[in-house]
Amino acid sequence: MKWLSQNWEHVIGLMVNHLLLAIPAIVMSVIIAVPLGRLAQQKPWLGKPLLSFATLMYAVPSLPLLVIIPSVLGLPLRSSATMIVALTLYGVALMVRTAADGFASIDQGTHEAAIAIGHSRRSLFWKVNLPLAIPVLASGVRVVVVSTIALVTIGALLGQSSLGTLLTDGFQRGIVAEVLTGVVLTIVLAVLLDLLVVLAKNLLAPWVRSGRAAV
Amino acid sequence: MDYLLAAFAWLADSSHWTGRSGIPNRLLQHLAVTSVVVSIAAVIALPIGILIGHTHRGSGVVGAIVGAARSIPTLGLLTLFGLGLGIGLRAPILALVVLAMPSLLAGAYAGIETVKPEVTDAARAIGLSEWQIVSRVEIPLSAPVIIGGIRSATLQVVSTATLAAYIADAGLGRFLFTGLKTRDYAQMVGGAIMVITLALILELILAGIQRLARRISHPQLLTTTMKRN
């Protein structure tokens, strides 16, 4: 606590950096994974290899990926773009299967009724399928949010400033309080963002109670 | 792209394939750490998960542990243990064991949990003891899911064992950290390529074993999934 009270300005700055890396990656993951999941669910010949690729992608270790991305894309080693690209890749890999499950969870009768009352393809997606998939999609977003927030800390090993900096700096200088602050704040950030997602889901899909979202 | 070519040149250089800090030795260390960690974690977590799945008691705890574990930054656990236990392999092994347990616990619990009550009741009715039900009915039937847990735990550990090199002189991660410190990007990217290749090979092998287990324990499922395609 003493350490934190002396360094809180620095810590707040790191927290902001942390969010500046995590939030764009989470948003991009969702924007990419939802249509891919829809595609995978509609076209199994495409979906199967896509989902297998996602599983394989998620198996790629994070630190090596952070090292490889700059040399493949020609980015500098220490850039937020590298971090965001890597985090987005993991986020998409984590979420695409849940997204496919979300669209598969929609009752076929509802889907057909929506076509029968004259929804166009576009409004079928935006007004029927997407809203109905929200509860399952939200459970996927929650997993992405929590794992992305934790993953950002790895970037600190390459000098990318975030709450992870407290872990590397605290370790090198032997300050337990600094490392503990980093761990606790990373978890707190994950829990807070997770709560925001649950809140958003309850607003967007008020017809499901939160306890049954995963089913 | 230049770095990538340099990395392959680094990998192809025969002088990097000998000695204590050569690629084969680092690879062996990496695999040794991974197998020690997964074994310790499995010995602890699998029996607990099987017990919870069999008795249906404490299932909420498993969900909570798995959810909470995801939010713990790996690097944080590693550095905390490193500060507590000092430089060396003890800290990373302990941290990795903690990280591997949730997946194993969840796999064992979820696998046993999905065995239908009719099946275990039938086993009980024909006179099997509780231990026999667990060992001869529930474990064989849930083997694919349990192996799935071992698969994700192994993958997580082999990835994270890279970070172990941050506090111990072991594993393929050494190439990344040495390369970073000496600005030897060829070594860094070469090491990264090695770790990624190792992880992907392990993933493919374990996925294959899981598929095999599924075929042995649920031969009838194969035909139904084939029909659906």
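Two residues are in contact when heavy atoms of theirs lie within 4.5 Å. With that in mind, select chain B of this predicted model. Of its contacts with a separation of 6 or more, 74% are between residues 24 or more positions apart.

Colour chain B by secondary structure. Ten helices appear, and zero strands. Followed from the N terminus, the order of elements is α-α-α-α-α-α-α-α-α-α. Turn the chain along its principal axes: the C-alpha atoms of chain B fill a box of roughly 65 × 45 × 30 Å.

Next, show the surface of chain B. Its accessible area is about 11,100 Å², with 69% belonging to carbon and sulfur atoms. Of the 229 residues in chain B, 47% are buried.

Now bring chain A into view and select the residues where the chains meet. On chain B there are 36, in contact with 37 residues of chain A. Between them the two chains bury about 3,100 Å², and carbon and sulfur atoms account for 83% of that.

Which elements of chain B should be picked out on the side that touches chain A? Those giving two or more residues are H1 (2-12), H3 (59-71), H4 (74-85), H7 (130-164), H8 (173-181) and H9 (185-217) of chain B. Select H9(B) by itself: the largest share of this side, eleven residues, comes from it. Coloured by class, the side of chain B that touches chain A shows 26 nonpolar, seven polar and three charged residues.

Last, look for polar links across the interface. One residue pair is in polar contact between chain B and chain A, with both residues at pLDDT 80 or more. The rule for salt bridges finds zero across this interface.

Definitions and conventions. Residues are numbered from 1 along each chain as its sequence is written. Chains are lettered from A and ligands numbered from 1 in the order in which they are written. This is a predicted model: local features need pLDDT of at least 70, side-chain atom pairs count only at pLDDT 80 or more; totals for chains, interfaces and linings use all residues. Side-chain values use heavy atoms; hydrogens and water are left out. Buried area is the accessible area (1.4 Å probe) that two parts lose on being put together, summed over both. A salt bridge is a side-chain nitrogen of Lys or Arg within 4 Å of a carboxyl oxygen of Asp or Glu. A polar contact is a pair of N or O atoms within 3.5 Å; within protein, one must be able to donate a hydrogen and the other to accept it, and residues adjacent in sequence count only if both atoms are side-chain atoms. Helices (H or I, at least four residues) and strands (E, at least two) are DSSP runs, numbered from the N terminus. Ala, Val, Leu, Ile, Met, Phe, Trp, Tyr, Cys and Pro count as nonpolar, Asp, Glu, Lys and Arg as charged, and the others, Gly among them, as polar. Buried means under 20% relative accessible area, exposed over 50%, partly exposed in between (1.4 Å probe, protein chains only). Accessible areas come from the Shrake-Rupley method with a 1.4 Å probe; for residues, only the protein chains shown count as cover.
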